[in-house]
Amino acid sequence: MGSERGREMRDRDEESSQYSCFLSPLKTISVSFKVLLRNPKVFASIFALTSLPLSLLLFSQSLSSHPIKTQIFHLEAVAALSPTRFEARHVWKESRAYAISLVRLNALFFFPCYALSLLAAIAAVHSTGLSCNGKRPTLEAALTAVRTTWKRASVTTICVYAVMVVYMLIQRALVAAAAGRTGMDLGPVAVALVGLGVEVYLMAVLSLGTVVSVMEERWGWDAIGSGWGLMEGRRFSGWVLSGILVLGSGCIGWEMEEMMDGGDWWSMGGWRVMGFGNKVLLMCLFGVVVLWSYVLNTVFYCECRRRQPVFRGEPESEIEV
């Protein structure tokens, strides 16, 4: 009888853990919205001062670089179809000139975009952390956090960018190797899909590491390693939340690309907007997604931090919003 009861209890624990595994991301999303709604002035100020200008710069970069990218793709296609090497060499030379101008344009936008994203991350993470601990965040406290933690966050974000660049290079190499080995479309697609799933999980770990660098006295690889450890027991939830953020920002990017490629209309909820209003709406929506991503990752961090006593046999505490 004792063994049967023990087995039943283990089965119930597994079922409850699987059930909470799917409900946990919804709970995290709900708490993030509560944080935003209960502190509208602070987050509206952070949005107006950092997220919205960041979105404006990123959209300006996309609009400015899109004609150059289109011209590069056109010249590469022309070079591939050129009948002689002389013509192909001339076209490739012109394409390289456009590529250099594209690099210069991206470098011009990089530093202000990086500075604004760093300010937005620190201010939003610190404010959300205060709210999750039952304290009322203020804009003055957020500015103080920027002044005291920007060095740690800068080192961590540099490590994050380095990891993502290395991973993207490895992923492209694997996709190219799969295409060359199989000679079929299925192999590269499968490798790309698996790589996308791993990339989403990696982004979850790196995002949590960035939050750690703001909330704790850690930076660089130490903060990223701490983020990896904090996700113990909630790795699937982190992967789901990261996937939701990637999907949201990706949809906005796809709509922007479609608009720049010649789409005049864009529909949303049965309403249609065109031209300047379309651009402003997408820009504001992207800024909201950026701000919400920082809030969501911080709420997830607070939940993971509160789960640590559970692994030591202590009761789990709830987040106070």
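A salt bridge here is a side-chain nitrogen of Lys or Arg within 4 Å of a carboxyl oxygen of Asp or Glu. Aspartate 222 and arginine 218 fit that description, with their closest N and O atoms 3.1 Å apart. Keep that pair in mind, but bear in mind too that what you're looking at is a predicted model.

Let's step back for the overall layout before returning to the charges. The protein has eight helices and two strands. Reading from the N terminus, the order is α-α-α-α-α-α-α-β-β-α, so the two strands come just before the final helix in a run of DSSP elements numbered from the N terminus. There are 321 residues, and 39% of them count as buried. The accessible surface adds up to about 18,900 Å², with 66% of that belonging to carbon and sulfur atoms. Among contacts with a separation of 6 or more, 76% are between residues 24 or more positions apart.

Now back to the charges. The salt-bridge count for the protein is five. Arginine 218 pairs with aspartate 222, as we saw, and arginine 218 also meets the side chain of glutamate 216, at 3.1 Å from N to O. Glutamate 216 has another partner in arginine 305, and there the closest N and O atoms are 2.4 Å apart. That last pair ties together distant parts of the chain: arginine 305 is in helix α8 (residues 276-307), while glutamate 216 sits in the loop between α5 (186-215) and α6 (221-230), 89 residues away.

How exposed are these side chains? Aspartate 222 is partly exposed, because its relative accessibility is 41%. Arginine 305 is partly exposed as well, at 33%, and so is arginine 218, at 31%. Glutamate 216, on the other hand, has a relative accessible area of 14% and is therefore buried, the cut-off for that label being under 20%. Put the shared partners together and Glu216, Arg218, Asp222 and Arg305 join into one network.

Next, follow the chain to arginine 152, in helix α4 (residues 139-182). Is arginine 152 buried or exposed? With a relative accessibility of 12%, arginine 152 counts as buried. Its side chain reaches the backbone oxygen of glutamate 216 at 3.1 Å, so this is a polar contact by the 3.5 Å cut-off for N and O atoms. Leaving out residues up to four places away in sequence, arginine 152 touches Ser213, Val214, Glu216, Glu217, Arg218 and Trp219. Two members of the salt-bridge network, Glu216 and Arg218, are on that list.

Helix α4 also holds tyrosine 161, which takes us to a different kind of feature. Tyrosine 161 is partly exposed, since its relative accessibility is 42%. Setting aside neighbours within four places in sequence, tyrosine 161 is in contact with Tyr114 and Ser117. Its C-alpha atom is separated by 9.3 Å from that of leucine 206, with their positions 45 residues apart along the chain.

Which residues join tyrosine 161 in a nonpolar surface patch? They are Phe110 and Phe111, and with Tyr161 they make a patch of about 350 Å². Phenylalanine 110 belongs to helix α3 (residues 85-132). At 40% relative accessibility, phenylalanine 110 is partly exposed, and patch residues need over 30% relative accessible area, so phenylalanine 110 clears that bar.

Definitions and conventions. Residues are numbered from 1 along each chain as its sequence is written. This is a predicted model: local features need pLDDT of at least 70, side-chain atom pairs count only at pLDDT 80 or more; totals for chains, interfaces and linings use all residues. Side-chain values use heavy atoms; hydrogens and water are left out. Patches are made of residues with over 30% relative accessible area and no salt bridge: like charges are joined within 9 Å, nonpolar side chains (Val, Leu, Ile, Met, Phe, Trp, Tyr) within 5 Å. Accessible areas come from the Shrake-Rupley method with a 1.4 Å probe; for residues, only the protein chains shown count as cover. Helices (H or I, at least four residues) and strands (E, at least two) are DSSP runs, numbered from the N terminus. Buried means under 20% relative accessible area, exposed over 50%, partly exposed in between (1.4 Å probe, protein chains only). A polar contact is a pair of N or O atoms within 3.5 Å; within protein, one must be able to donate a hydrogen and the other to accept it, and residues adjacent in sequence count only if both atoms are side-chain atoms. Contact means heavy atoms within 4.5 Å.
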